[in-house]
Amino acid sequence: MNDRPARRPAKPYRRPKKDPVRILAFEALRAVDERDAYANLVLPPLLRKAREKGDFDARDAALATELVYGTLRRQGTYDTIIAACVDRPLREVDPPVLDVLSLGAHQLLGTRIPPHAAVSASVELARVVLGDGRAKFVNAVLRKITAHDLDGWLEKVAPPYEDDPEEHLAVVHAHPRWVVSALWDALGGGRAGIEDLLEADNERPEVTLVARPGRSTPEELLAAVGEDSALPGRWSPYAVRLAEGGEPGALDAVKEGRAGVQDEGSQLVALALASVPVDGPDARWLDGCAGPGGKAALLGALAAERGAALLASEKQPHRARLVGRALAGNPGPYQVIAADGTRPPWREGVFDRVLVDVPCTGLGALRRRPEARWRRRPEDVAGFAPLQRDLLREALRAVRVGGVVGYATCSPHPAETKAVVDDVLKRDGVSAEWIDARPYMQGVPALGEGPDVQLWPHLHGTDAMYLALLRRTA
């Protein structure tokens, strides 16, 4: 007689449930990781395709967007927490597995999704995109993460502020340590200011529109969007801020190029350059680093109101084409060319106003491109330095005596801002003088001691744009 208990019948295989929202979010993260793509370029076509297939409604699109951007913003924090829950170095975890774990960690620690639902949905996603074997690993790790909320995990994995302030802030606020150090140097002050800045970097930025002068008005945009869905800009007279979920591409003025999407900091830079008085003619303006075209379109509209002509130059041909689209329909004379601003085709001293918004690390736009904080390295700052100096030097040569140059970056890093201007003025013997930029941003508070201006997300609600205004003297 056999006393062994009867063997339980094997559970029938269950196909994993395909969740279109989480699959799309995973695909976006893989594109960012594998192709060095930017989420703000990858996500819109994925969402559009999902809507066309009928898989998505507005709530699905909002959740997918939050999963992608939230995971990317907090990636460093989530990596530290995940590392505490696995038995191997993170570099030995396959990147697709780590993406699923990060998506799960964000749902558990950064959203209001119930823990059981976050784990279940993440495991189902793992079954679909990774297979059953690795889904078990995902399940085990995420269940460990459920042991604490975000604050509880930060107490465990972040060093005390008193022992290592920069590393504490790096883990708590999900910025690389070197970025924390650079931002703190640029900002100055104590703990409160840097924490406010890092927190602002992790908030979802508003979508801001610009009504291009002579072609549209803020009143038109406000009326088109509706009073309940938009607000006037804080500082720029041409700005309109959209409420969360607004779709600027649906507005006629945006479709027709009479208005565009442009951060208020970028608008202020262009407006300040256009506001500085110049003696003599004011007929020829240059945007020497014009791609992708937002500042060029605003400058072109302002120039047209004064009867001036704009030359918009961009080195990369595909970006020059974007500039051409942004300027299409401009009422005044303009020309778009593909040219290298360090070896310019124009003659010296022919322009009255010149803007160079130089290539940089982009540390001032981490709200909009959260993946950039993990992609950049300290050596990138030094890598941009020669180009930034060359572009400023050529801009000062391009402007006539008495004309004005605006040097702008979307980075507050000290080595990309005032240090560049100081080096060009002192070491290269360029005959130019500082202009106090603060009076040309009227109404904007907390602009510092001058003469240059640094905008901040936590103080001004803008990207961290930098502007130096210079007048050529000989």
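A salt bridge is a side-chain nitrogen of Lys or Arg within 4 Å of a carboxyl oxygen of Asp or Glu. In this predicted model, the side chains of Arg234 and Glu206 fit that description, with an N to O distance of 3.1 Å. Arg234 sits in the loop between β2 (230–232) and β3 (239–242), while Glu206 sits in the loop between α11 (191–201) and β1 (207–211), so this pair ties together parts of the chain that are 28 residues apart in sequence. Arg234 has a relative accessibility of 39% and therefore counts as partly exposed. Glu206, with a relative accessible area of 29%, is partly exposed as well.

Side chains of opposite charge can pair when their charged atoms come close. By the rule given at the start, the count for this model comes to 36 salt bridges.

Another of these pairs is formed by Glu314 and Arg319, whose side chains meet at 3.4 Å, N to O. Buried means under 20% relative accessible area. Glu314 is at 8% relative accessibility, so Glu314 counts as buried. Arg319, at 29%, counts as partly exposed.

A further salt bridge joins the side chains of Asp463 and Arg367, at 2.8 Å from N to O. Asp463 belongs to the loop between α20 (457–460) and β12 (466–472), and Arg367 to the loop between β8 (351–357) and α17 (372–375); the pair therefore ties together parts that are 96 residues apart in sequence. Both Asp463 and Arg367 are buried. Salt bridges can also share partners, and in this way Arg30, Asp33, Glu34 and Asp99 are joined into one network.

The next topic is the packing of two helices. Helix α4 covers residues 75–83 and helix α5 covers residues 95–110. The two pack at an angle of about 100 degrees, and their axes are 10 Å apart. Angles of 65 to 115 degrees count as roughly perpendicular, which means that α4 is roughly perpendicular to α5.

Which residues of α4 and α5 make the contact? On the α4 side they are Tyr78, Asp79, Ile81 and Ile82. On the α5 side they are Leu98, Leu101, Ser102, Ala105, His106, Leu109 and Gly110. Taken by type, the residues of this contact divide into seven nonpolar, three polar and one charged. Asp counts as charged, and Gly counts as polar.

Note on methods:
Residues are numbered from 1 along each chain as its sequence is written. This is a predicted model: local features need pLDDT of at least 70, side-chain atom pairs count only at pLDDT 80 or more; totals for chains, interfaces and linings use all residues. Side-chain values use heavy atoms; hydrogens and water are left out. Axes are lines fitted to C-alpha atoms, for helices over the stretch in contact, and angles run from 0 to 180 degrees between N-to-C directions. Helices (H or I, at least four residues) and strands (E, at least two) are DSSP runs, numbered from the N terminus. Angles under 35 degrees count as roughly parallel, over 145 as roughly antiparallel, 65 to 115 as roughly perpendicular and the rest as oblique. Contact means heavy atoms within 4.5 Å. Buried means under 20% relative accessible area, exposed over 50%, partly exposed in between (1.4 Å probe, protein chains only).
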